[in-house]
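Biologist: I'd like to learn how to read a binding site and its pockets. Can we go through one together?

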Amino acid sequence: MKATSVAPSNLAFIKYWGRKDEALRLPTNGSISMNLSNLLTTTTVQFSAELAQDAVAINGQDFVPDAIEAARVSRHLDRLRELAGLRQSARVVSENNFPSSTGLSSSASSFAALTVAAAAAAGLELPEKELSILARQGSGSACRSIPDGFVEWLDGDTSDTSFAVSLYPPQHWPIADVVAIVSREKKLVSSSKGQLAAASSPFFAVRLGHMADKLKLARAFIQQRDFTRFGELIEAEAVEMHAIMLTSTPSLMYWLPGSVKIMRLARQWRGEGLEVYFSVNTGQDVHLICRPEDVEALTARLRAVPDVTDILINTPAPGARLVEEHLF
Ligand code: PMV
C-alpha cells in the first residue's frame, strides 16, 4: 500500500483571504487560480502495520511526531484513515522542488500531493471533487491544486459544497508566471494564521461586497483571453488583499524591500511597453504574469536586478496526479 503523487502549487488571481468556518476551512469568498508547472511537491505515502506512529520527512528533514508539521500531516492522514476504515500508521516522505514559506504556496502543493498519495495508498478511489474537499481541510488553497489548469474554488456553505473545479485545461491560455525570488527568508506568520486576522480589517466588508463581481470579471477575461484587462484586475486584486493584511489587527506585512522594488519595476516596465502584471501572496516572492513571447525579455530584465536571487518560470499545468516513481 504505497503510492506517490506529484502536485503543483497554484497562484490565485482572485484570492482566498478570510474564512467563514475555521474548523472546516470554508473561505469567505470563492477564488480563481492557475496551477504552476514548475512549483511541484512529490509525496510518497505508505501505510504499514509495522509502524507504531506516523513517520514524516519533509525536504530531507525527519520530524518528531508532535512537531507542528508532522502533527498537521497526521491530522490529515486521520481524515483518510477514517474514510478508508484504516488504523495503520504511515510513512510520509515529501519533497518540494522550490523554497517553502517564502510566498510560493507550498502548503497548496503539499496538501494536494499528500491527499492524492494517501488516498491511493489507503486503497480509496475517490472522484476529483472528494479529493478537492479533503485537500481543502488540510490547507484551503490545496483544493485548487487538484483539478487541471485554470481552477475555481466554489466557496460553499458546507464541507460538501466547498471544492474546486477546472474552468479550463492548461492549454486554454499559455500565459506565463515568472516568479522572482527575492529572499529565502521564511515568513513570520503563516497564511493559515494570518487568515484569522482578515475580518478585523475595517476594509474587509468592502472587499467582500465586490468579490462576486471580481470573480465574474476574472472568469470572463480568462475565457476571452483578454490579457490587458485580466492583468489589471489581478494586480489590483493582489494589492487589495495586501491592503486588508496591512490594516488588520495584528497588521501583517509580508513584503520585503526587494518585493516592493519588483512591484514598482513591473509598473515601470509596463509603461515602457513590456506588458507584465504582478501578484504577491503571503511572502516576499513576486509572481509576474506575462505573455509567453515576453518571458525572455522579462527574465533578462529581472536578471539585472540585484535583489532577485532566482527566477522560476511557470506555465498553466495539470492538477495533482499519481506517478510510478516512489521516493522510498
Ligand atoms: O491556503 P492557505 O492557508 O495557505 O492560504 C492561501 C492564501 C493566499 O495564498 C494568500 C491566497 C490564495 O488564495 O492562495
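Biologist: Which residues are closest to the ligand?

Modeller: Call a residue near if one of its heavy atoms lies within 4 Å of the molecule. Here 14 residues surround the ligand, and the closest are Y16, S141, R144, S191 and Q195. This is a predicted model, where local features need pLDDT of at least 70, side-chain atom pairs count only at pLDDT 80 or more, and totals for chains, interfaces and linings use all residues. Residues are numbered from 1 along each chain as its sequence is written, and side-chain values use heavy atoms, with hydrogens and water left out.

Biologist: What polar atom of S141 faces an oxygen atom of the ligand, and at what distance?

Modeller: A polar contact with the ligand is a pair of N or O atoms within 3.5 Å. For S141, a polar side-chain atom sits 2.7 Å from a ligand oxygen. S191 has a side-chain N or O atom 3.0 Å from an oxygen atom of the ligand, and for Q195 such a distance is 3.0 Å.

Biologist: What is the make-up of the shell around the ligand?

Modeller: Count Ala, Val, Leu, Ile, Met, Phe, Trp, Tyr, Cys and Pro as nonpolar, Asp, Glu, Lys and Arg as charged, and the others, Gly among them, as polar. The shell then has three nonpolar, nine polar and two charged residues.

Biologist: And how do I read the empty space?

Modeller: Roll a probe the size of a water molecule over the atoms, and you see where empty space is left.

Biologist: Which elements supply at least two residues each to the lining of the largest pocket?

Modeller: Among them are β1 (2–14), α1 (68–84) and α2 (106–121).

Notes
Polar contact = N/O pair within 3.5 Å; in protein donor to acceptor, adjacent residues only side chain to side chain. Helix = DSSP H or I, 4+ residues; strand = E, 2+ residues; numbered from the N terminus.
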